[in-house]
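User: Can you walk me through the sheet and the charged pairs in this one? I have it open on my side.

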Amino acid sequence: MDKFPLTADGRPAGELIAQREGLYTWFSARCPLPEEGLWCAWVVGDRGELRLGVLEPEGKQGTIRRRFSGRLTAPLGRLLRGEIRPAGAKEPGSWEPAPAPDQLFRAPWLRQRMKGAQGARTRQAGELRYLALPYDPAKPFPLTTLFCFARLRRIGGEDFVVYAFDGQDRPVF
C-alpha cells in the first residue's frame, strides 16, 4: 500500500491510497470537500493522469474507491499525487494551442527564450500554467536552462516537454 498527498488547487486536501492487487490497482481517496458541487478525484503520475471519478459526499467529506487494470494505470508512470477538481472543469488532457507562447509570460528572460517557439500548447490548472513544447531527440532540448523542471509527456500522440509555472513565472517541480 502506497500513500500520496491529495491536493485541491495545489494545496493539501487529503490522502490518496494506491494498493496493488494482482493485475489491478485499487485507489482510495478521502478529503473534506472545498465547497458545494461535484468534485472528481484524479491520479497524477509523471507521464499522465487518470480520472478516478466523482467523490461521494459523506457529510462534509468526499470519498471514492475504484479499481483499475494495469493497462489503464501503466501510462501514468510513477505516481506523484492525487488531485480533486470540480467535475465541470476542463479535462486536463485538453491542451490549447499557444501560437505566441512568449505572450503567456511577463518575465523578460522567459519571453525572450519563448519568442518564435512553434507548436506550443498550454493549459491552466489552479494557479499553475503548464507549457508543453514539442520534443524531438534529434533537436536541442526546449528551454535547456530549465531542463531539471521538465517532464516528457505524450499529448495527442506526440512527444512534448512539459513545464509548470506559478503566477510569478517561476518554474515549479
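Analyst: We can take the sheet and then the salt bridges; note that this is a predicted model.

User: What is the strand order in the sheet?

Analyst: The order is β5-β4-β8-β1-β2-β3-β7-β6, which makes an open sheet of 8 strands with mixed pairing.

User: Which strands stand at the edges?

Analyst: β5 (49–54) and β6 do. Each has a single partner strand, so one side of each lacks a neighbour in the sheet.

User: And what does the twist average?

Analyst: From one strand to the next, the twist averages 25°.

User: Back to β5. How many bridges join β4 to it, and do they run parallel or antiparallel?

Analyst: There are 5 bridges between β4 (residues 39–45) and β5, and the two strands run antiparallel. As for residues facing each other there, Val43 is opposite Leu50 in β5.

User: OK, charges now. How many salt bridges?

Analyst: The structure has 10 salt bridges. One of them pairs the side chains of Arg30 and Glu58, at 3.5 Å from N to O.

User: Where do Arg30 and Glu58 lie?

Analyst: Arg30 is in strand β3 (residues 24–32) and Glu58 is in strand β6 (residues 56–58), so the salt bridge ties together parts 28 residues apart in sequence.

User: How accessible are they?

Analyst: Arg30 is partly exposed, at 43% relative accessibility. Glu58 is also partly exposed, with a relative accessible area of 42%.

User: What about Arg85 and Glu83, what is the N to O distance?

Analyst: That salt bridge has an N to O distance of 2.5 Å.

User: Are those two buried or exposed?

Analyst: Arg85 counts as buried because its relative accessibility is 12%, under the 20% cut-off. Glu83 is buried as well, with a relative accessible area of 12%.

User: I also clicked on Asp166. Which residue does its side chain meet in a salt bridge?

Analyst: Arg170, with 2.8 Å from N to O. Asp166 is buried at 18% relative accessibility, whereas Arg170 is partly exposed at 48%.

User: Last one: which residues do salt bridges with shared partners join into one network?

Analyst: Glu49, Arg81, Glu83, Arg85 and Arg123. So the Arg85 and Glu83 I described as buried both belong to that network.

Key. Residues numbered from 1 in each chain as written. Predicted model: local features only at pLDDT ≥ 70, side-chain atom pairs only at ≥ 80, totals over all residues. Heavy atoms only, no water. Salt bridge = Lys/Arg side-chain N within 4 Å of Asp/Glu carboxyl O. Helix = DSSP H or I, 4+ residues; strand = E, 2+ residues; numbered from the N terminus. Buried < 20%, exposed > 50% of the residue type's maximum accessible area, 1.4 Å probe, protein only. Pairing = 2+ DSSP bridges. Axes fitted to C-alpha atoms, helices over the stretch in contact; angles between N-to-C directions.
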